[in-house]
Amino acid sequence: MSDSNSSDEQSAAQGLLSHSFVLFGALGDLSLRKLMPALYQLDHAQLLNEDLKIMAVARSAISAGELKQRVEHTLNQYIGEDQLNASSLARFLKRLYYCQVELTQARDYDELKQKLALWHPQITYYLATPPSLYKDICQHLHQANAINQQSRIVVEKPIGHDLASSKLINDKLALYFDESQIFRIDHYLGKETVQNLIALRFANPLFESQWNHQYIDYVEISVAEDVGIEGRWGYFDKAGQMRDMVQNHLLQLLCMVAMDPPSQLTATSIRDEKVKVLRSLKPIDQDKIATQLVLGQYTDGQFQHQPAPGYLNEADANTSSSTETFIALRAEIATWRWAGTPFYLRTGKRMASKVTEIIIHYKPNSHYIFDPSQADIAQNKLIIRLQPYESISLQVLTKEQGIGKNMRLRRDPLHLDFAQTQSQARIPDAYERLVLEALKGNQSLFVRRDEVELAWQWCDQIRQAWFSAELPLEDYPAGSNGPQQACDMIKTHGHRWYEDC
Ligand code: BG6
């Protein structure tokens with residue numbers, strides 16, 4: 001990366017915060033549940049520009065007063081009492097404006113244009129809408145002369161459902177915005193512990209010096225969700241866990257663990273390193289698919305001691321669906337750093353509990369001198385927990401205390417619990433960080449076009465291989481840890497999931 005590029009980025013990142021924020025889909029679930037609370041929290045922490053104005057755009061015929069009532073109601077629902085302070089709330093509500101727009105109708109943008117004409121032209125547009133509307137919104141904003149070089153656009157996932165459709169979306173965005181103006185959200189990148197991976201890896205020589213195939217046996221990334229489909233049947237059944245979770249969140253986590261150190265903490269350096277990882281992912285072709293991939297779908301089971309319906313028995317279910325609600329796979333990265341060290345990714349809906357963890361399984365000593373019956377515990381593990389209860393824990397081996405114990409080993413954690421070590425600091429929601437960074441114009445936490453497309457390319461190829469091989473869909477009861485076949489798959493390669501260790 002050239003010096004001028006990096007200094008441009010640094011000044012952009014430190015540059016002026018946006019003065020105008022326009023939220024499309026402002027009455028939708030994402031806006032009310034996540035974005036309004038995030039904007040309020042930023043305001044409460046005095047991180048917004050003093051003169052920032054927020055234009056809520058939606059198709060409902062409501063007044064600005066009604067909008068403010070709805071937002072106040074939603075903030076009462078989603079923000080703790082200790083954070084909801086009367087003067088911050090009054091200040092925040094004062095920033096809100098409303099414009100009714102039928103998003104596909106060009107003429108409806110006239111009023112928006114007139115309103116925005118009086119606003120500061122450094123506008124961040126946030127599209128909390130289905131991607132099918134991106135084209136219309138961008139085109140109509142362009143025709144209304146509402147896009148300039150200072151504008152930014154934030155878009156949500158999914159960016160397409162495969163490589164071809166993601167290219168179409170990206171091409172459309174590119175007609176109106178330069179890549180440096182486009183902020184593609186993967187909310188996992190806004191999570192505190194994901195950001196902490198950068199500090200953990202690159203500020204601690206202790207870890208970085210051993211962060212490679214010589215010391216690491218395998219890496220496990222597990223994202224277990226306890227929720228089922230929750231009324232998102234129409235979307236999820238077409239997507240499945242591969243496209244809903246692996247293509248974006250899990251691959252982004254994999255990149256953060258696997259990437260080489262960026263030369264600087266700039267968007268270009270970080271994203272260049274992630275792209276190198278994505279390019280180096282080995283395809284999982286038809287020959288490998290049966291031993292490297294397991295698909296599952298939950299059946300009737302128990303969740304929190306209550307009967308829970310299986311996927312096909314959920315309300316509004318497509319009863320002949322073969323969509324995967326669980327996936328486990330073995331990924332291999334063809335680089336010097338990771339040759340021979342697999343990354344196991346696993347994610348499922350309606351699992352026993354919600355846990356997101358990255359586990360680094362270190363190699364055992366090359367020569368083992370302790371009790372042979374304990375050989376299988378003699379591996380250090382670094383457990384990075386993203387949610388719930390953000391923490392980092394290093395499992396070390398010590399001697400059991402007492403005489404008469406000889407040299408019996410035990411595994412103890414060196415534990416860093418962020419709620420305790422930094423108890424004064426509230427852990428911000430991912431969207432607070434992402435909205436703030438978008439307002440600042442810092443792209444580091446957003447996904448570049450080549451990242452999205454490489455991730456789709458890898459996932460598309462795996463999907464093709466599983467269809468050609470007619471890979472079976474394994475059952476697992478709702479409320480369990482997934483199908484037995486996922487344990488069998490990892491065991492075939494001589495490894496184990498952390499919870500089985
Ligand atoms: C979303 C997926 O991107 O991430 C959902 O579409 C999933 O299906 C959610 O439930 C998980 O996010 P989190 O932050 O709760 O782990």
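1. By class, the shell around the ligand holds seven charged, three polar and two nonpolar residues. Asp, Glu, Lys and Arg are counted as charged, Ala, Val, Leu, Ile, Met, Phe, Trp, Tyr, Cys and Pro as nonpolar, and the others, Gly among them, as polar. The model is predicted: local features need pLDDT of at least 70, side-chain atom pairs need 80 or more, and totals for chains, interfaces and linings use all residues. Numbering runs from 1 along each chain as its sequence is written, and side-chain values use heavy atoms, without hydrogens or water.

2. Residues around the ligand (a heavy atom within 4 Å of it) include Lys-157, His-187, Arg-232, Asp-244, His-249 and Gln-387. Helix α10 gives the most to this shell, three residues; helices are DSSP runs (H or I, at least four residues), numbered from the N terminus.

3. Which side chains have a polar atom 2.7 Å from a ligand oxygen? His-249 does, through an N or O atom, and so does Gln-387. For Lys-157 the distance to a ligand oxygen is 2.8 Å. The protein buries 80% of the 400 Å² that the ligand exposes when taken alone (Shrake-Rupley method, 1.4 Å probe).

4. The whole structure has one cavity of 30 Å³ or more, meaning a set of points on a 1 Å grid over the protein atoms alone where a 1.4 Å probe fits but cannot get out. The volume of the largest cavity is about 170 Å³, taken as the space filled by probe spheres set on the points, which are joined across faces, edges and corners.

5. Lining residues (an atom within 4 Å of a point) number 17, and those closest to the cavity centre include Asp-186, Gln-247 and Val-452. Helix α10 supplies the largest share of this lining, five residues.

Key:
1 Å grid on protein atoms, 1.4 Å probe; cavity = no way out; pocket = protein on both sides within 12 Å on 5 of 7 lines; lining within 4 Å. Helix = DSSP H or I, 4+ residues; strand = E, 2+ residues; numbered from the N terminus. Polar contact = N/O pair within 3.5 Å; in protein donor to acceptor, adjacent residues only side chain to side chain.
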